[in-house]
Amino acid sequence: MKNVCIILLMALVACQPAPDSNKNTPEAPAPDSSHQTTPAPNDGPAGKLVVKNEADYSPAFLALLRENTDFEKFYLDGNLMVVNDADTAYFSQEPPIGKSLVFTAKKESLAIAVRLKRINQTTVDYTIEMVESGKPAYFESGQADISPFFFLGAESDESDVSGESYMVTEFTATKGDCHTAIRIGQEENTSTGLLGKLIKNCNGKLRDIDLDNFPMMREK
């Protein structure tokens with residue numbers, strides 16, 4: 001009888017299910033991909049600007065674009081600018097790159113000559129000479145750039161001869177409280193050459209110059 005009981009007990013144990021090795025270990029949940037982020041390849045302020053050839057633009061111009069907070073991305077290739085991969089703008093070709101130009105005008109006893117040479121898409125080398133009877137002459141030279149946000153709206157001046165408006169490219173230079181703006185353009189459907197206007201303060205003993213108190217300058 002004892003042997004029969006042992007055999008029955010062994011059979012009962014053999015019929016019990018094997019213990020679940022994972023019973024006390026909770027199953028790890030599947031990763032939730034909805035919360036995963038992948039950094040953009042151009043993440044960060046410097047990544048907002050893609051330039052094919054930086055020599056085509058001034059360092060100051062590029063620095064201002066990198067510091068901007070209003071636009072997501074700029075792409076520059078020669079005279080082409082693409083904003084936010086969608087909007088296209090072109091740098092003006094007036095004045096031409098590499099050409100030396102002289103603009104002159106006179107009002108009463110004040111004569112002004114502006115000599116400039118555009119060295120790339122954004123920048124001109126310039127020299128300004130201002131001479132007025134009875135006062136020391138004033139000279140200034142330097143570099144001036146167009147605004148990095150020129151594509152937001154075109155500038156225009158009015159011809160002293162025809163009274164018609166014409167589009168201009170404005171190059172500016174700032175040193176503290178002193179500002180210089182040289183505006184170059186050409187009337188449509190004319191062969192009179194390029195025209196210039198000057199806005200300038202800090203002229204030594206000579207008066208400030210603005211769009212209204214000094215005439216249009218003509219290319220010599």
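Contact here means heavy atoms within 4.5 Å. Helices (H or I, at least four residues) and strands (E, at least two) are DSSP runs, numbered from the N terminus. The structure is a predicted model, in which local features need pLDDT of at least 70 and side-chain atom pairs count only at pLDDT 80 or more, while totals for chains, interfaces and linings use all residues. Residues are numbered from 1 along each chain as its sequence is written, and side-chain values use heavy atoms, with hydrogens and water left out.

The protein chain holds 2 helices and 13 strands. Of its 220 residues, 32% count as buried, where buried means under 20% relative accessible area, exposed over 50% and partly exposed in between (1.4 Å probe, protein chains only). Among contacts in the protein chain with a separation of 6 or more, 44% come from residues 24 or more positions apart.

Helix α2 is a good place to start. Its buried residues are Phe61, Leu62 and Leu65. Viewed down the axis of α2, these residues fall within an arc of 95°, so they line one face of the helix; the arc is that of the directions from the helix axis to the C-beta atoms. Pro59 and Glu67 are exposed residues on the face of α2 turned away from the buried side. The buried residues of α2 pack against β1 (49-51), β2, β3 (80-83) and β8.

Phe61 also appears in the largest nonpolar core, which has 36 residues. Such a core is a set of buried Ala, Val, Leu, Ile, Met, Phe, Trp, Tyr and Cys residues joined through side-chain atoms within 4.5 Å. The residues with the most contacts inside this core are Phe61, Leu76, Met81, Ile112, Leu116 and Met130. Not counting residues up to four places away in sequence, Ile112 touches Phe103, Thr104, Ala105, Ile128, Glu129, Met130, Leu198, Ile209, Phe214 and Met217.

Aromatic rings offer another view of the packing. Rings of Phe, Tyr and Trp (its six-membered ring) pair if their centres lie within 6.5 Å, with planes under 30 degrees apart counted as stacked, over 60 as edge-to-face and the rest as tilted. By this rule there are 11 aromatic pairs. In one of them, Phe71 and Phe151 have ring centres 5.4 Å apart and planes at 75°, so the pair is edge-to-face. Phe71 sits in the loop between α2 (59-67) and β2 (74-77), and Phe151 in the loop between β8 (138-145) and β9 (155-158), so the pair ties together parts that are 80 residues apart in sequence. Phe71 is buried at 18% relative accessible area, whereas Phe151 is partly exposed at 23%. Both rings belong to a cluster that ring pairs form from Tyr57, Phe61, Phe71, Phe74, Phe91, Phe149, Phe150 and Phe151.

The structure has 1 disulfide, a term for a pair of cysteine sulfur atoms within 2.5 Å. Its partners are Cys178 and Cys202, with sulfur atoms 2.2 Å apart. The link is left-handed, with -85° about the S-S bond. It joins distant parts of the chain, as Cys178 lies in strand β11 (residues 178-185) and Cys202 in the loop between β12 (195-200) and β13 (217-219), 24 residues apart. Cys178 is partly exposed at 30% relative accessible area, and Cys202 is partly exposed at 32%.

Strand β11 also contains Gly185, which is buried with a relative accessible area of 0%. The C-alpha atoms of Gly185 and Met167 are 5.8 Å apart, with their positions 18 residues apart along the chain. Beyond residues up to four places away in sequence, Gly185 touches Glu94, Tyr166, Met167, Val168, Leu194 and Leu195. In strand β10 (residues 165-175) lies Thr169, buried at 12% relative accessibility. Leaving aside neighbours within four places in sequence, Thr169 is in contact with Ser92, Glu94, Ile146, Ile182, Arg183 and Ile184.

Some backbone details deserve a look as well. Most residues other than glycine have a negative phi, and most peptide bonds are trans. The peptide bond from Glu94 to Pro95 is cis, with omega near 0°, and Pro95 is in the loop between β4 (87-90) and β5 (100-107). Asn84 has a positive phi, near 55°, and Asp85 has one of about 60°. Asn84 lies in the loop between β3 and β4 and is partly exposed at 31% relative accessibility, while Asp85, in the loop between β3 and β4, is exposed at 57%.
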